[in-house]
Amino acid sequence: MKTYNKTFVLVAIMSILLVTCKKDKSEIATNPANPTGGGSNTYSSLNNFFELNGAQSQYFTLNASAGGTFTGAKGSKFTFQPNSFVTQSGNPVTGNVNVELKEILSKKDMLLSNKTTTSYGYPLISGGEYFLKVSQTNQEVKLASGISYTAQLPATNLLAGMQVFNGKIDSANNVNWNPADSNINWVTTQTAPYSYVMSTDSMHWGNCDQFPSSNATWTDISVNITNASSLKDVRVYIYYDGKNSIFGFWTFANPFTTNECWQGQAIHIVAVGTDANGHLFSCINPYTVSPSMNLNITLSQTTDASFKSALNALP
């Protein structure tokens with residue numbers, strides 16, 4: 001009888017502990033989209049928001065000696081010829097290499113990744129952006145001299161006059177696109193399926209772009225954020241309606257100013273920021289570009305899901 005009582009008490013204690021543990025675990029607030037944040041829809045910085053909501057890395061394995069092809073989740077297709085890679089000191093690379101890919105094809109992805117279509121202060125019309133890095137045993141490798149690869153980027157319609165651009169990231173995590181040497185980098189198109197096919201000799205940040213028409217009339221825009229003092233970090237963008245072009249304001253103090261904006265174009269001014277508590281704020285307003293616009297906007301607290309939904313609704 002004494003043994004039975006001890007067993008009963010032990011089982012009862014274990015049951016209480018299990019219930020208590022389950023209860024504690026279920027009550028911990030988590031944010032699946034932001035596992036390092038301080039709660040639902042909070043971010044340590046605006047760059048933290050871009051890192052978690054922008055284009056995510058995909059990984060592939062390629063045999064360096066044989067070359068090969070791989071396709072990203074959004075349909076970008078990359079083809080490397082045999083013996084394409086060498087070490088940083090120039091030695092041939094054999095065996096398997098690891099490929100990191102980020103696909104940024106839409107204006108929404110460009111904004112959420114903070115990778116706008118901008119070249120030295122001028123807007124570009126994009127056929128798609130990507131990031132590509134190849135490594136072996138955690139050491140980055142590079143293309144051998146004279147070697148190029150193809151990047152096939154899916155498109156819904158095709159524009160003539162596209163060029164290869166290479167991107168350079170600055171200290172503020174903005175990208176500036178530079179036209180690549182057209183003698184060894186070029187773009188063709190195909191209709192089955194609709195896509196741009198880039199032949200290029202450069203990795204890291206790549207883009208299929210063109211400058212807008214030389215007949216465009218330009219102006220500048222100034223955006224004053226009325227509640228800027230309550231925000232820790234803000235980015236402002238010009239979202240060109242009906243064009244795969246999103247232009248970033250490169251000033252980071254209020255009022256935000258930029259130039260080289262297409263007059264007569266329908267746009268949305270998109271602003272996104274965080275406050276000292278990591279909460280997300282945004283504003284999306286429609287305009288038609290007129291000479292020397294001076295705008296006042298106010299950002300309101302939002303969630304990442306609501307902000308993304310609003311971006312999805314833009315033309």
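Two strands pair, in the sense I will use this morning, if DSSP finds at least two bridges between them, and the helices (H or I, at least four residues) and strands (E, at least two) are themselves DSSP runs, numbered from the N terminus. What you have in front of you is a predicted model, in which local features need pLDDT of at least 70 and side-chain atom pairs count only at pLDDT 80 or more, while totals for chains, interfaces and linings use all residues. Residues are numbered from 1 along each chain as its sequence is written, and side-chain values use heavy atoms, with hydrogens and water left out.

Let me start with a sheet. Strands of a sheet pair through backbone hydrogen bonds, either parallel or antiparallel. Here three strands form an open sheet in the order E20-E17-E23, with mixed pairing. The edges are strand E20 (256-262) and E23, each of which pairs on one side only. Between neighbouring strands of this sheet the average turn is 25°, direction ignored, where the axes are lines fitted to C-alpha atoms (for helices over the stretch in contact) and angles run from 0 to 180 degrees between N-to-C directions.

Within that sheet, strand E17 (residues 218-225) runs parallel to E23, and five bridges join the two. If you want to find the register in the viewer, look for Ile221, which stands opposite Met293 in E23, and for Ser222, which stands opposite Asn294 in E23.

Which side chains of strand E23 point to one face and are buried? They are Met293, Leu295 and Ile297, whereas Asn294 and Asn296 point to the other face and are not buried. Buried here means under 20% relative accessible area, exposed means over 50%, and partly exposed lies in between (1.4 Å probe, protein chains only). In a regular strand the side chains alternate between the two faces of the sheet.

There is further pairing elsewhere in the chain, around strand E11 (residues 149-154), which is antiparallel to E3 and joined to E3 by three bridges. Thr79 has Thr150 in E11 as its bridge partner. E11 also pairs with strand E15 (residues 194-200), again in the antiparallel sense, over six bridges, and there Gln152 stands opposite Val197 in E15.

Now to the charged pairs. Side chains of opposite charge can pair when their charged atoms come close. Taking a salt bridge as a side-chain nitrogen of Lys or Arg within 4 Å of a carboxyl oxygen of Asp or Glu, the count comes to two. One of them joins Asp109 and Lys74, with the closest N and O atoms 2.3 Å apart. This pair links distant parts of the chain, since Asp109 sits in helix H3 (residues 107-112) and Lys74 in the loop between strand E2 (68-71) and strand E3 (77-80), 35 residues apart. Asp109 counts as buried, because its relative accessibility is 15%, while Lys74, at 41%, is partly exposed.

The side chains of Arg235 and Asp233 form a salt bridge too, at 3.0 Å from N to O. Arg235 is buried, with a relative accessible area of 8%, and Asp233, at 21%, is partly exposed.

Arg235 brings me to the empty space, as this residue is among those that line the largest cavity, together with others including Asn114, Tyr237 and Trp250. On a 1 Å grid over the protein atoms alone, a cavity is a set of points where a 1.4 Å probe fits but cannot get out, and a pocket is an open set with protein on both sides within 12 Å along at least five of seven lines; lining residues have an atom within 4 Å of a point. The structure holds one cavity of 30 Å³ or more, and the largest cavity has about 40 Å³ of space, a volume being the space filled by probe spheres set on the points, which are joined across faces, edges and corners. Strand E18 (residues 233-240) gives the largest share of its lining, three residues.

The largest pocket, in turn, holds about 350 Å³ of space. It is lined by 16 residues, and those nearest its centre are Ser126, Ala155, Thr156, Asn157 and Asn244. Strand E8 (residues 125-136) gives the most to this lining, with four residues.
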